[in-house]
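Biologist: Could you take a close look at the charged side chains of one chain, and then follow them to the places where parts of the structure meet? I am in my first year, so please explain each term when you first use it.

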Amino acid sequence: MCGAPKQGGSLAGVDLSTQTVIQGSVWHDGAPVAGAYVRLLDATGEFTAEVVTSPEGEFRFFAAPGQWTLRSLAPVGRAERAIDAEVGLNETTLAIS
Amino acid sequence: MSRSDVLVTADWAQEHLGDPGIVFVEVDEDTSAYDGGHLEGAVKLDWKTDLQDPLRRDFVGREAFEALLSSRGIGNDDTVVLYGGNNNWFAAYAYWYFKLYGHRDVKLVDGGRKKWELDGRPLSKDTVERPATTYRASEPDLSIRAFRDEVVASIGSKNIIDVRSPDEFSGKILAPAHLPQEQAQKGGHVPTAMNIPWSKAANEDGTFKSDEELAKLYAEQGFDEAKPTIAYCRIGERSSHTWFVLRELLGKSDVKNYDGSWVEYGSLVGVPIEK
């Protein structure tokens with residue numbers, strides 16, 4: 001499989017002692033943005049993965065410890081945020097201004 | 001073969017929805033995207049349940065492919081216009097697959113579902129029924145498909161292009177980062193492979209870069225025009241995207257997709273791996 005699993009929801013079955021999960025949601029005007037394209041860029045700015053946010057605006061990546069950048073693309077606009085991830089759960093929000 | 005023979009714009013697609021002789025086909029791994037809204041009149045193909053053998057790791061056979069296309073109402077003379085999510089990964093895989101079974105006229109919608117959605121173009125939830133056809137496929141064209149022994153034998157002699165992200169190439173992660181990272185295979189890449197991620201061939205909206213940009217990209221990365229080429233990724237769909245760029249857009253000869261890709265190679269006993 002290479003397609004993204006359903007975004008958001010439970011982390012049951014995910015071993016947070018070994019996995020580096022980066023997750024969060026995309027917001028605009030005080031509401032979550034469904035159907036936004038969120039991509040994960042590595043420390044050099046190269047594309048690593050992309051998912052489409054859930055109806056609740058959620059996204060989730062399984063990465064590795066280190067520096068990453070999240071960038072969202074949606075008809076209402078774009079947002080970007082750098083994140084320094086560690087093993088376990090790393091949560092953040094992308095706000096489209 | 002040139003760009004206009006194999007790639008159509010979203011505008012072109014929107015203008016030709018419903019035209020006789022043109023069948024729009026959405027290809028995804030998760031067809032819930034199609035069910036939530038698709039191009040008007042488009043039929044769907046499920047990458048996994050329709051295009052993969054249910055038992056072995058392989059394509060469906062020629063007869064099963066004929067039955068599949070017949071049931072979807074696709075005829076041998078139809079122009080098949082493919083699009084999908086994930087920046088057209090699975091649509092490009094289906095493009096390669098249709099070519100493998102000898103379909104004459106196949107095209108991709110540039111940018112796929114993503115550009116269509118970002119442009120705010122209309123999607124339909126109507127059920128699509130097309131009258132069944134009697135589709136006839138050719139024997140698989142193995143000049144565009146590489147198997148593991150050929151990959152091992154090509155180390156140091158052919159262009160081997162690893163189209164995964166740099167972190168997968170280096171073995172830091174084992175799958176694209178939207179998937180859990182627990183995998184059986186070893187991390188790393190085929191020795192002498194060039195890492196030219198598929199994403200370098202695409203713009204952010206999922207459209208392909210211009211022919212000039214693409215030619216420059218591969219030349220800069222050391223692509224040798226005199227040598228045959230094998231592209232691979234993790235399971236063969238991102239490398240279909242690059243196969244499409246090299247063979248269909250840039251017109252290079254002797255380009256194969258190794259669909260066994262890293263899931264197979266990284267599990268083989270005794271083959272060389274670099275990190």
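Modeller: Asp50(B) is a good place to begin, and with a relative accessible area of 16% it is buried, where buried means under 20% relative accessible area, exposed over 50% and partly exposed in between, with a 1.4 Å probe and protein chains only. Before going on, please note that this is a predicted model, in which local features need pLDDT of at least 70 and side-chain atom pairs count only at pLDDT 80 or more, while totals for chains, interfaces and linings use all residues. Residues are numbered from 1 along each chain as its sequence is written, chains are lettered from A and ligands numbered from 1 in the order in which they are written, and side-chain values use heavy atoms, with hydrogens and water left out.

The side chain of Asp50(B) meets that of Arg72(B) in a salt bridge, 2.7 Å from N to O; the term stands for a side-chain nitrogen of Lys or Arg within 4 Å of a carboxyl oxygen of Asp or Glu. Asp50(B) lies in the loop between strand S3 (43-46) and helix H4 (62-71) of chain B, and Arg72(B) in the loop between H4 and strand S4 (79-83), so the pair ties together parts that are 22 residues apart in sequence. Helices (H or I, at least four residues) and strands (E, at least two) are DSSP runs, numbered from the N terminus. Side chains of opposite charge can pair when their charged atoms come close.

Another pair in chain B is Asp162(B) with Arg164(B), whose closest N and O atoms are 2.7 Å apart in a salt bridge. Asp162(B) counts as buried at 0% relative accessibility, and Arg164(B) counts as buried at 1%.

Chain B is assigned two domains, domain 1 (3-139) and domain 2 (143-265), with bounds that come from an automatic or database domain assignment. Two salt bridges are counted between these domains. Arg145(B) forms a salt bridge with Asp58(B), the closest N and O atoms being 2.8 Å apart, and both residues belong to a network of salt bridges that also links Asp53(B), Arg56(B) and Asp259(B).

Charged side chains also pair across the boundary with chain A, where four salt bridges are counted between chain B and chain A. In one such pair, Lys114(B) and Glu50(A) meet through their side chains at 2.8 Å, N to O. Lys200(B) forms a salt bridge with Glu46(A), with the closest N and O atoms 2.8 Å apart. Lys200(B) lies in the loop between S7 and helix H9 (211-220) of chain B, and Glu46(A) in the loop between strand S3 (37-41) and strand S4 (47-52) of chain A, so the pair joins two chains. Lys200(B) counts as partly exposed at 28% relative accessibility, whereas Glu46(A) counts as buried at 12%.

As for the boundary itself, 31 residues from chain B and 31 residues from chain A take part in the contact, contact meaning heavy atoms within 4.5 Å. A search of the whole structure finds 32 salt bridges over all chains.
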